[in-house]
Structure formats: C-alpha cells, structure tokens
Amino acid sequence: ITLIHNGVNVERFVPGAKPPSLLDRHALRDKQILLTVGRIVPRKGLDVLIRALPGILQDAPRAHYLIVGEGHYRPTLERLVDSLGVRDHVTFAGKVAEDELPGYYQLCDVFAMPNREMPDGDTEGFGLVFLEANACGKPVIGGRAGGAVEAVRDGENGLLVDGWSVEEVSTAVLRLLTDPELNERLSRQGLAIARAASSRAKAEQFHTLCMELSGR
C-alpha cells in the first residue's frame with residue numbers, strides 16, 4: 001500500500017494582506033483573529049475553543065474568533081457564546097462564497113480547529129483546511145485525533161493539542177498570539193510544507209507510482 005496525502009491548491013491559496021473589505025464587513029480591524037473553516041459539527045472542537053476564550057482574552061484582549069461554515073451544531077455554540085459572555089469576541093460568518101475563501105484565511109492570525117474523536121468514533125479526516133491555511137502563510141492548531149496528525153506537524157507548521165482540553169487549547173492559542181517569533185517561524189515553515197504538498201506535486205507522485213507499478 002502506498003499512501004499519498006491530499007494536495008493543496010497553492011495557486012488559489014496564497015499569502016496576502018488582510019483584505020480590507022472583510023475586515024470592515026466583520027468589524028475586525030485591530031483584532032487578533034482566530035479562524036476556523038469547516039462544517040460546524042461536534043468533532044471539530046469549536047466548543048472547547050469558545051470555552052477557552054475567557055482565559056485567552058485575559059492575556060490577549062484583542063482576540064476575536066471568526067467561524068466560517070454552517071452545521072447543525074451552530075445553535076449549541078451560539079448558546080455557549082452567550083452563556084460565557086463572549087458574544088463581542090465571536091463572529092459566525094456562515095457559508096461564504098468560494099472565491100472569498102482564500103481571503104478569509106489571509107484575514108486570520110491563527111487558524112485553529114482543535115478536532116477530537118467523539119465517543120461514537122466520529123473523527124476528522126485528513127484536514128485539508130490546515131494546509132490551505134499554511135499555504136496562506138498562517139500557523140495552525142489541530143487536535144491529536146484522526147487525520148489532523150497527518151496534516152499538522154507539531155512544532156513545524158503548527159501545534160497539536162488535546163481537543164477536549166480547554167487548558168491545552170488556551171495555551172496553544174496564547175503561544176501563537178503572544179509570541180511573534182514563534183508565529184512567524186511556524187507560518188514560514190507551514191508555507192514551505194504546503195507548497196511541497198501542492199496538488200501538482202501529489203499528481204506527480206501518483207504518476208510516478210503508476211509508472212513503477214506498470215514497469216515502465
């Protein structure tokens with residue numbers, strides 16, 4: 001068996017300045033932006049990140065959590081946001097246009113999706129969103145579960161956490177928001193890792209394998 005991981009479109013997902021139109025749309029100027037992109041379901045760990053926000057805000061008061069996507073778990077998260085009193089620090093952007101998606105990655109300072117395995121065995125797949133964020137020059141935070149461990153190399157392009165632990169998620173977020181050198185290093189290394197995992201590179205890897213198997 002030969003395993004070829006998913007490739008990322010590095011022509012579409014590229015580094016860039018924070019788009020002024022999106023900053024204004026969501027009133028995020030002068031904010032440190034945490035971003036999650038994906039279907040809003042329990043295994044993504046968004047509830048734990050929201051629970052971590054009060055502690056994060058003590059040391060990073062400009063932090064703001066931006067959630068892109070829809071799903072059945074959103075009403076539960078909305079209630080959690082209100083119960084914790086962090087409504088001013090969380091934005092649910094809903095489903096966004098495909099052509100705007102790269103701009104949302106460019107908007108953030110940290111991409112975070114602390115996924116975890118659920119009691120029924122539901123867990124995350126490869127997690128291409130991590131590489132999409134890396135391709136836009138952003139450091140990532142993922143959970144030590146499912147396929148995220150294949151996409152996030154702890155200490156290289158991002159940080160891995162226990163997606164059930166508020167403390168671990170809070171610590172990882174604060175490390176990346178308050179340590180510019182660490183943020184820049186993981187961003188730079190993440191960009192290199194994403195470019196090495198481009199769709200073209202994966203296609204060439206698959207082509208080479210086919211040639212080897214056919215004896216050509």
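Tutor: A helix here is a DSSP run of H or I with at least four residues, and the numbering starts from the N terminus. The model is predicted. Now ask away.

Student: In which helix is Ser214 found?
Tutor: Helices are numbered from the N terminus. The run to look at covers residues 199-214. Ser214 is found in helix H9.

Student: Is Ser214 buried, exposed or partly exposed?
Tutor: Buried means under 20% and exposed means over 50%. Ser214 has a relative accessible area of 42%. That value lies in between, so Ser214 is partly exposed.

Student: How far apart in space are Ser214 and His26, C-alpha to C-alpha?
Tutor: In sequence, 188 residues separate Ser214 and His26. In space, C-alpha to C-alpha, the separation is 53 Å.

Student: Turn to the aromatic rings. Why is the pair of Phe13 and Tyr105 called edge-to-face?
Tutor: A pair of aromatic rings is described by the distance of the centres and the angle of the planes. The structure holds three aromatic pairs. In the pair of Phe13 and Tyr105, the centres are 5.6 Å apart. Planes over 60 degrees apart count as edge-to-face, and here the angle is 80°.

Student: How many residues apart are Phe13 and Tyr105?
Tutor: Phe13 lies in the segment before helix H1 (20-25). Tyr105 belongs to helix H4 (residues 101-107). The pair therefore links distant parts of the chain, and the separation is 92 residues.

Student: Are Phe13 and Tyr105 buried or exposed?
Tutor: The cut-off for buried is under 20% relative accessible area. Phe13 has 3%, and Tyr105 has 0%. Both values fall under the cut-off, so Phe13 and Tyr105 are buried.

Student: What kind of pair do Tyr105 and Phe111 make?
Tutor: The centres of these rings are 5.8 Å apart. Their planes stand at 45°. That is neither under 30 degrees nor over 60, so the pair of Tyr105 and Phe111 is tilted.

Student: Which residues form the aromatic cluster?
Tutor: Phe111, like the partners above, is buried, with a relative accessible area of 0%. Phe130 belongs to the cluster too. The members of this one cluster are Phe13, Tyr105, Phe111 and Phe130.

Student: Why is helix H5 described as largely enclosed by the rest of the structure?
Tutor: H5 covers residues 128-135. The buried residues in H5 are Val129, Phe130, Leu131, Glu132, Ala133, Asn134 and Ala135. H5 is largely enclosed because the buried share is seven of the eight residues.

Student: Against which elements do the buried residues of H5 pack?
Tutor: Three of the partners are strands: E1 (32-37), E4 (110-113) and E5 (140-143). The others are helices. They are H4, H6 (148-151) and H8 (180-196).

Student: Which ring does the charged end of Arg116 sit over?
Tutor: The ring centre is 4.2 Å from the charged end of Arg116. The ring belongs to Trp164.

Student: How are H2 and H3 oriented to each other?
Tutor: Helix H2 (residues 46-59) packs against helix H3 (residues 74-84), with axes 10 Å apart. The angle is about 10°. Angles under 35 degrees count as roughly parallel. H2 and H3 are therefore roughly parallel.

Student: How many residues of the contact of H2 with H3 are nonpolar, polar and charged?
Tutor: H2 contributes Leu46, Asp47, Ile50 and Arg51. H3 contributes Leu77, Leu80, Val81 and Leu84. The residues divide into six nonpolar, no polar and two charged.

Student: Which residues does Arg87 touch, not counting residues up to four places away in sequence?
Tutor: Arg87 is found in the loop between H3 and strand E3 (90-94). At 33% relative accessibility, Arg87 counts as partly exposed. The residues touched are Glu78, Val81, Asp82 and Phe92.

Student: Which residues does Ser170 touch, not counting residues up to four places away in sequence?
Tutor: Ser170 is found in helix H7 (residues 166-178). At 13% relative accessibility, Ser170 counts as buried. The residues touched are Ala52, Gly55 and Ile56.

Student: Phi of Asp30 is positive. What value is it near?
Tutor: Asp30 is found in the loop between H1 and E1. At 67% relative accessibility, Asp30 counts as exposed. Asp30 is a residue other than glycine, and its phi is near 70°.

Notes: Residues numbered from 1 in each chain as written. Predicted model: local features only at pLDDT ≥ 70, side-chain atom pairs only at ≥ 80, totals over all residues. Heavy atoms only, no water. Phe/Tyr/Trp six-rings, centres within 6.5 Å; stacked < 30°, edge-to-face > 60°. Helix = DSSP H or I, 4+ residues; strand = E, 2+ residues; numbered from the N terminus. Buried < 20%, exposed > 50% of the residue type's maximum accessible area, 1.4 Å probe, protein only. Lys NZ or Arg CZ within 6 Å of the ring centre and 35° of its normal. Contact = heavy atoms within 4.5 Å. Axes fitted to C-alpha atoms, helices over the stretch in contact; angles between N-to-C directions. Parallel < 35°, antiparallel > 145°, perpendicular 65-115°, else oblique. Nonpolar A, V, L, I, M, F, W, Y, C, P; charged D, E, K, R; others polar.
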